[in-house]
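Please open the structure in a viewer and keep the selection tool at hand. The tour below proceeds from one selection to the next.

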Amino acid sequence: MQDHSTNERYRYLAQKQLQGTISPEESAELAAWLAYDDGLPLEVPPALAESADLHEKKILDAIERKIGWRKSGRIRMLRVAAAAAAVLLIAALAWWLARSSSTVPSPSFITQHENDRPPGGNRAVLTLGNGQRIVLDSSANGILFSQGGIQAVKLDSSALAYSTGSSPEEVQMHTLSTPVGGQFRITLSDGTGVWLNAASSLKFPSLFTGQDRQVEITGEAYFEVAPDKARPFKVAFNGNSVEVLGTHFNVMAYPDETKSKVTLLEGSVAVSNPSGRHLLKPGMQALIGNTITTRTANVEEAVAWKNGLFIFDNEDIQGIMRKLSRWYDVKPVYAAGMPGTTFSGTISRYSNVSGVLQMLELTESIRFELKDGTIQVSR
């Protein structure tokens with residue numbers, strides 16, 4: 001099994017291939033990595049005797065060995081991934097078959113659903129201190145805000161950055177917010193990077209000037225905090241706070257979740273609320289309600305959204321549907337007597353919602369009907 005950094009590298013490459021942004025060199029790297037020591041040909045000859053289905057099976061077996069995706073008793077993820085076109089690395093099969101005269105067959109059970117919903121994308125609004133709202137997804141790249149040497153610059157369709165400069169006469173509080181089905185990233189004036197998930201907001205000063213660096217979030221955000229031993233970085237959410245000097249961590253604090261979660265990837269953080277204060281080490285997660293408890297984290301699951309994935313780790317259908325609701329702007333309606341089944345598996349966030357639902361239906365324990373933005377959930 002590969003180490004974490006290697007896994008992330010090739011999941012990252014697979015994301016780029018699904019998005020159509022991968023370079024020929026990166027595509028070859030992805031394919032070669034899967035083929036290495038797994039008996040998969042880098043080129044498929046035109047007179048290939050084996051069926052495409054067998055090649056799909058070989059590739060999925062290679063993914064299991066290389067990346068270590070778990071087989072679930074409830075979702076047969078690896079056996080149906082290529083057919084569902086909802087799991088990463090389907091593009092690897094297309095790459096091999098495209099090298100020959102063969103045509104990649106379309107799965108028979110994935111059809112264009114008349115009520116289907118596409119995945120979310122890079123959408124956000126920046127609200128300035130004077131109340132001015134700037135819709136980032138329709139704004140041109142370039143300077144959006146300038147005051148006393150501080151500038152907010154839209155870098156591209158997915159990113160915003162604040163420059164450092166002299167302190168203005170008045171530091172403004174700005175808010176970056178994403179709608180349902182939106183995501184965006186920002187570099188704050190101190191160099192800290194923040195990724196916002198769907199239906200989230202980040203309130204921050206245009207320039208950090210005090211003895212600490214304070215921001216406030218709702219929803220979910222991933223932080224890569226710029227080190228500054230003289231000025232701790234503090235994140236407030238739902239009456240709780242996280243204090244760090246320089247580290248990588250994720251905060252999930254949606255109001256419709258029973259508990260908030262802080263997951264630490266690197267460094268150290270202190271999580272506190274009126275009930276007490278807890279220090280986290282890398283690989284740990286704090287569960288925060290009226291009290292704070294800690295446990296070993298599934299780090300990949302916690303930051304899956306940032307990496308373009310849904311990772312379900314023994315998650316119930318209600319938790320899964322909350323994630324889908326925020327990303328696809330759909331509303332679940334549950335039939336009476338829903339089963340208590342949990343689900344495990346990995347699915348791309350770049351598939352349409354129908355692809356995710358069809359994967360879940362393969363468990364034969366749940367059914368969905370998608371119509372007019374509503375998902376009827378039954379067994």
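Which residue stands opposite Ile 288 in β19? The residue is Ile 292. To see this in the model, which is a predicted one, select residues 284-288, strand β18, together with residues 292-296, strand β19. These two strands run antiparallel and are joined by five bridges. Three residues lie between β18 and β19, and the two strands form a hairpin. As a general principle, strands of a sheet pair through backbone hydrogen bonds, in either a parallel or an antiparallel manner.

**The whole chain**

Now select the entire chain. Its secondary structure consists of eight helices and 24 strands. The chain has 379 residues, of which 50% count as buried. About 17,200 Å² of the chain is exposed, and carbon and sulfur atoms supply 48% of that area. Of the contacts between residues at least 6 apart in sequence, 54% join residues at least 24 apart.

**An open sheet and its helices**

Next, select β21, β24 and β23. These three strands form an open sheet in that order, with mixed pairing. The edges are occupied by β21 (331-334) and β23 (367-371); each has a single partner strand, so one side of each is left without a neighbour in the sheet. From one strand to the next, the twist averages 25 degrees.

Narrow the selection to β23 and β24 (residues 374-378), which pair in the antiparallel sense over five bridges. Within this pairing, Arg 367 has Ser 378 in β24 as its bridge partner.

Add helix α8, residues 353-361. Helix α8 packs on the sheet, where it touches β23 and β24, and its direction makes about 160 degrees with that of β23. How many of the nine residues of α8 are buried? Eight are, and the helix is thus described as mostly covered. Among the buried residues are Val 353, Val 356, Leu 357, Met 359 and Leu 360. The polar residues Ser 354 and Gln 358 also belong to the buried set.

Then add helix α7, residues 317-328, which lies across β21, β23 and β24. Helix α7 runs at about 155 degrees to β21.

**A buried serine in a loop**

Select Ser 200, in the loop between β9 (193-196) and β10 (201-205). Is Ser 200 buried or exposed? Its relative accessibility is 2%, so Ser 200 counts as buried. A polar atom of its side chain lies 3.1 Å from the backbone oxygen of Asn 197. The backbone oxygen of Ala 198 lies 3.0 Å from a polar atom of the Ser 200 side chain. Apart from neighbours within four places in sequence, the residues in contact with Ser 200 include Leu 176, Thr 178, Glu 220 and Tyr 254.

**Aromatic rings**

For the last stop, turn to the aromatic residues. The structure holds seven aromatic pairs. Select Phe 208 and Phe 233: their ring centres are 6.1 Å apart and their planes stand at 65 degrees, so the pair is edge-to-face. This pair links distant parts of the chain, since Phe 208 is in the loop between β10 and β11 (213-224) and Phe 233 is in strand β12 (residues 233-237), 25 residues apart. Phe 208 is buried, with a relative accessible area of 8%. Phe 233 also counts as buried, at 0% relative accessibility. Finally, add Phe 223 and Phe 249 to the selection; ring pairs link these two with Phe 208 and Phe 233 into a cluster.

How values were computed:
Residues numbered from 1 in each chain as written. Predicted model: local features only at pLDDT ≥ 70, side-chain atom pairs only at ≥ 80, totals over all residues. Heavy atoms only, no water. Helix = DSSP H or I, 4+ residues; strand = E, 2+ residues; numbered from the N terminus. Buried < 20%, exposed > 50% of the residue type's maximum accessible area, 1.4 Å probe, protein only. Contact = heavy atoms within 4.5 Å. Areas by Shrake-Rupley, 256 points an atom, 1.4 Å probe, with all protein chains shown as cover. Pairing = 2+ DSSP bridges. Axes fitted to C-alpha atoms, helices over the stretch in contact; angles between N-to-C directions. Polar contact = N/O pair within 3.5 Å; in protein donor to acceptor, adjacent residues only side chain to side chain. Phe/Tyr/Trp six-rings, centres within 6.5 Å; stacked < 30°, edge-to-face > 60°.
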